[in-house]
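Colleague: May I ask for a close look at a single part of this model, namely one place where two helices pack together? I should like to know how they cross and which residues take part, with the rest of the chain as background.

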Amino acid sequence: MRRISRITVAGAATASLALALAACGGTSTSSDSSESKGDKGLAIAYDVGGKGDQSFNDAAFAGLEQAKKEFAYETADIEPTDGETDADKQQRLESLAKQGYDPIVGVGYAYAAAVKGAAEKFPDTTFGIVDDSTIEAKNVADLVFSEEEASYLAGVAAAKSTKTKVVGFVGGVDNPLIHKFQAGYEQGVKDTDPKVKVIPQYLTQTAEEGGFSSPDKGKTAAEGQIEKKADVVYAAAGLSGQGVIEAAAANKVWAIGVDSDQYQQEALAKYKDSILTSAMKDVAKAVYNLAKSVEEGKPETGIVRGDLKSGEVSLSNSNPKFADDTALQEALNTAKEKIVSGEIKVKSS
């Protein structure tokens, strides 16, 4: 184990105060970049939507909880604030580093500039960033996924499940990451049944406009697609996807969830019978694996990719109507085998 000492009560109080200030977006005037190594471990800083999104951020928290339980160390998870800048994000990460947390993960591509800056100031701390592959540093792990592969399977499921021959796609923010979800989904639909029409819609142009954090926007978009006869709607929209699922349940059509197994999410329990499946990426495993690598003294760095072959992207089987549909499962297994073998090349844009 690399952590051998306990911090004093006074030190803990100081650290808690500093963390609180950072979480509120306060500005530090200290130039001290010394790291207080103790038995503190994994810390995560949430993306837009924060903890409780039943999706992306909650998956990261699950990885943190697993690490906390296994390694018996102190962890931290910090919420985003409205209107925060890259400088605010970087200060938050630096505050965690000063307090001795290691590794520190920015959950979402919005942390790219902040992770890069903090990693330069704290070269002995391992940083991770989810959904960004642009940072090249010896102490940074870029935790990325082949979302388009799971989305392809979601497209197969949608094409096999639609009765109206119309399906929808709701993207939270119109950016290259969410384009991967749309591209894979549309390809899966068309490869399965070229007669099925896909209606795509994005909620906002930027995350700051609420594309990942506005269930009302998701609900309105889904209702519009359902009015156009869509009877399966796939949402890649973070917390906004909750509104898509709500609209699907109200109109007795299928929703396809994202990132986490949304059929199993307690907050979505009353809608679960309308959740056909979820296109999952195992953010929890990626976050936990980074913590484990640091604990073992061999920190992951560079691009760390999860895909169908590694089992880190997949479709959930929690809904019995989905799991017990033999023809659908056969189609999905065939598609998965062809993707893993390289016979099917899934588009990412």
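Modeller: The reply below starts with the chain as a whole, takes up one helix pair, and then moves to other sites and pairs.

This is a predicted model, in which local features need pLDDT of at least 70 and side-chain atom pairs count only at pLDDT 80 or more, while totals for chains, interfaces and linings use all residues. Residues are numbered from 1 along each chain as its sequence is written, and side-chain values use heavy atoms, with hydrogens and water left out.

The protein chain has eleven helices and twelve strands (DSSP runs numbered from the N terminus: helices are H or I with at least four residues, strands are E with at least two). Of its 349 residues, 56% are buried (buried is under 20% relative accessible area, exposed is over 50%, and partly exposed lies in between, with a 1.4 Å probe and protein chains only). Among contacts between residues at least 6 apart in sequence, 70% join residues at least 24 apart (a contact means heavy atoms within 4.5 Å).

The pair chosen for the close look is helix α5, residues 147-161, and helix α6, residues 176-192. Their axes come within 6 Å and cross at roughly 40° (axes are lines fitted to C-alpha atoms, for helices over the stretch in contact, and angles run from 0 to 180 degrees between N-to-C directions). The two helices are therefore oblique to each other (under 35 degrees counts as roughly parallel, over 145 as roughly antiparallel, 65 to 115 as roughly perpendicular, and the rest as oblique). The crossing of α5 with α6 is right-handed (the near helix is turned clockwise from the far one, whereas a left-handed crossing has it turned anticlockwise by less than a right angle).

On the α5 side, the contact is formed by Glu147, Glu148, Ser151, Tyr152, Ala154, Gly155, Val156, Ala158, Ala159 and Lys160. These meet Leu177, Lys180, Phe181, Gly184, Tyr185, Gln187, Gly188, Val189, Asp191 and Thr192 of α6. By class, this contact has nine nonpolar, six polar and five charged residues (Ala, Val, Leu, Ile, Met, Phe, Trp, Tyr, Cys and Pro count as nonpolar, Asp, Glu, Lys and Arg as charged, and the others, Gly among them, as polar).

Helix α6 also holds Ile178. Ile178 has a relative accessible area of 3% and is therefore buried. Leaving aside neighbours within four places in sequence, Ile178 is in contact with Phe169, Gly171, Gly172, Val173, Tyr202, Phe212 and Ala236. Ala236 is 58 residues from Ile178 in sequence, but the two C-alpha atoms are 6.8 Å apart.

Beyond α5, the loop between this helix and β6 (166-173) contains Lys165. Although Lys165 is not a glycine, its phi is positive, about 65°. Lys165 has a relative accessible area of 35%, so it is partly exposed.

Asn139 lies in the loop between β4 (127-130) and β5 (140-145). Its relative accessibility is 11%, so Asn139 counts as buried. The Asn139 side chain reaches the backbone oxygen of Ala119 at 3.1 Å. Not counting residues up to four places away in sequence, Asn139 touches Ala119, Phe122, Pro123, Thr125, Thr126, Phe127 and Thr301.

Two further helix pairs complete the background. The axes of α3 and helix α4 (residues 112-121) come within 8 Å and cross at roughly 40°, which makes α3 oblique to α4. This crossing of α3 and α4 is right-handed. Asp86, Lys89, Gln90, Leu93 and Glu94 of α3 meet Ala113, Ala114, Val115, Gly117, Ala118 and Lys121 of α4. The contact of α3 with α4 has five nonpolar, two polar and four charged residues. In the loop between α3 (86-98) and β3 (104-106) stands Pro103, and the peptide bond from Asp102 to Pro103 is cis, with omega near 5°.

Helix α7 (residues 215-227) packs against α8 at an angle of about 40°, with the axes 6 Å apart. The crossing of α7 and α8 is right-handed. Pro215, Gly218, Lys219, Ala222, Glu223 and Ile226 of α7 meet Gln242, Gly243, Val244, Glu246, Ala247 and Ala248 of α8. Here the classes are six nonpolar, three polar and three charged residues. Lys252 is found in the loop between α8 (241-250) and β9 (254-259). Phi of Lys252 is near 55°, a positive value in a residue other than glycine. At 75% relative accessibility, Lys252 counts as exposed.

Technical notes:
A polar contact is a pair of N or O atoms within 3.5 Å; within protein, one must be able to donate a hydrogen and the other to accept it, and residues adjacent in sequence count only if both atoms are side-chain atoms.
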